[in-house]
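User: I'd like a close look at one valine in this model, and then a walk outwards from there. Feel free to wander, as long as the picture hangs together.
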Amino acid sequence: MMRVSEAMSGNVLVVGPAHTLRQAAGMMAERGVGSAVVVDPDSQGVGIMTERDVLKAVGAGLDVDVEPTAGHLTWDVVYAGPDWTVQEAAEAMSRGGFRHLVVLDDGEVVGMISVRDIVRVWVGVPVVAST
């Protein structure tokens, strides 16, 4: 069975809590990713912001040029380990109702695995290594 470390993207977008939603969304679009890790050393540590979080803010009429990412995060993040199987990651996503898992190794962010990554593995599309 394939491990998370083989299927994940190591090309993780990290943004700060003071970035605006527009800045974060622009960086996500530029990188072609659906989520960003937000590191806030003055708060709860590592959070995640997804395209869904940006969509909710836009739908609520918030000013994306002013709203900081810090107010639109999930801090209660479920982490995967690089040695988890892809099946374990899929089960964690299914139980939690989310599409991305931050991959931690010894407390450090080493990657991100998404539903898209898991589907690629399961349908046999080669995983392209990213940095």
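What is the relative accessibility of Val 33, and does the residue count as buried, partly exposed or exposed?

Analyst: Val 33 has a relative accessibility of 25%, so it counts as partly exposed; buried means under 20% relative accessible area, exposed over 50%, and partly exposed is in between (1.4 Å probe, protein chains only). Before we go on, bear in mind that this is a predicted model, in which local features need pLDDT of at least 70, side-chain atom pairs count only at pLDDT 80 or more, and totals for chains, interfaces and linings use all residues. Numbering starts from 1 along each chain as its sequence is written, and side-chain values use heavy atoms, with hydrogens and water left out.

So where does this valine sit? Val 33 is in the loop between helix 2 and strand 2 (35-40); helices (H or I, at least four residues) and strands (E, at least two) are DSSP runs, numbered from the N terminus. If you skip residues up to four places away in sequence, Val 33 touches Leu 13 and Met 28, a contact being heavy atoms within 4.5 Å. Gly 10 is 23 residues away along the chain, and 12 Å separates its C-alpha atom from that of Val 33.

Let's step over to helix 2 itself, which spans residues 21-31 and carries Arg 22. The side chain of Arg 22 meets that of Asp 65 in a salt bridge, at 2.4 Å from N to O (the term stands for a side-chain nitrogen of Lys or Arg within 4 Å of a carboxyl oxygen of Asp or Glu). That pair links distant parts of the chain, 43 residues apart, with Asp 65 in the loop between helix 3 (51-59) and strand 4 (79-80). Both partners are partly exposed: Arg 22 has 47% relative accessibility, and Asp 65 has a relative accessible area of 42%.

Helix 3 is worth a stop too. Asp 53, Val 54 and Ala 57 are its buried residues. They share one side of helix 3, because they cover an arc of only 100 degrees around the axis, taken from the directions from the helix axis to the C-beta atoms. Flip to the other side of helix 3 and you meet Leu 55, Lys 56 and Gly 59, which are exposed. The buried residues pack against helix 2 and strand 3 (45-50). After helix 3 comes Gly 61, with a positive phi near 80 degrees.

Helix 3 also has a salt bridge of its own, between Glu 51 and Arg 99, at 3.4 Å from N to O. Arg 99 is in the loop between helix 4 (86-96) and strand 5 (100-105), so this pair ties together parts that are 48 residues apart in sequence. Arg 99 is partly exposed at 31%, and Glu 51 is partly exposed at 38%.

The structure holds three salt bridges, and the one still to mention stays inside helix 5. Arg 120 pairs with Asp 117, the closest N and O atoms being 3.4 Å apart. Both are in helix 5 (residues 115-123), three residues apart, about one turn of the helix. Here Asp 117 is buried, at 10%, whereas Arg 120 is partly exposed, at 35%. Val 123, another residue of helix 5, is exposed at 58%.

Now for the interior. The largest nonpolar core has 14 residues, and Val 4, Ala 89, Leu 101, Val 103, Ile 113 and Ile 118 have the most contacts inside it; such a core is a set of buried Ala, Val, Leu, Ile, Met, Phe, Trp, Tyr and Cys residues joined through side-chain atoms within 4.5 Å. Helix 1 (4-7), helix 4, strand 5 and helix 5 each give two or more residues to this core, and helix 4 supplies the largest share, five residues. Apart from this core lies another one, of 13 residues, including Met 28 and Val 54. Met 28 is one of the residues that Val 33 touches, which brings us back to the starting point.

One oddity to finish with: Asp 106, in the loop between strand 5 and strand 6 (108-114), has a positive phi of about 55 degrees although it is not a glycine. Most residues other than glycine have a negative phi. Asp 106 counts as exposed, with 76% relative accessibility.
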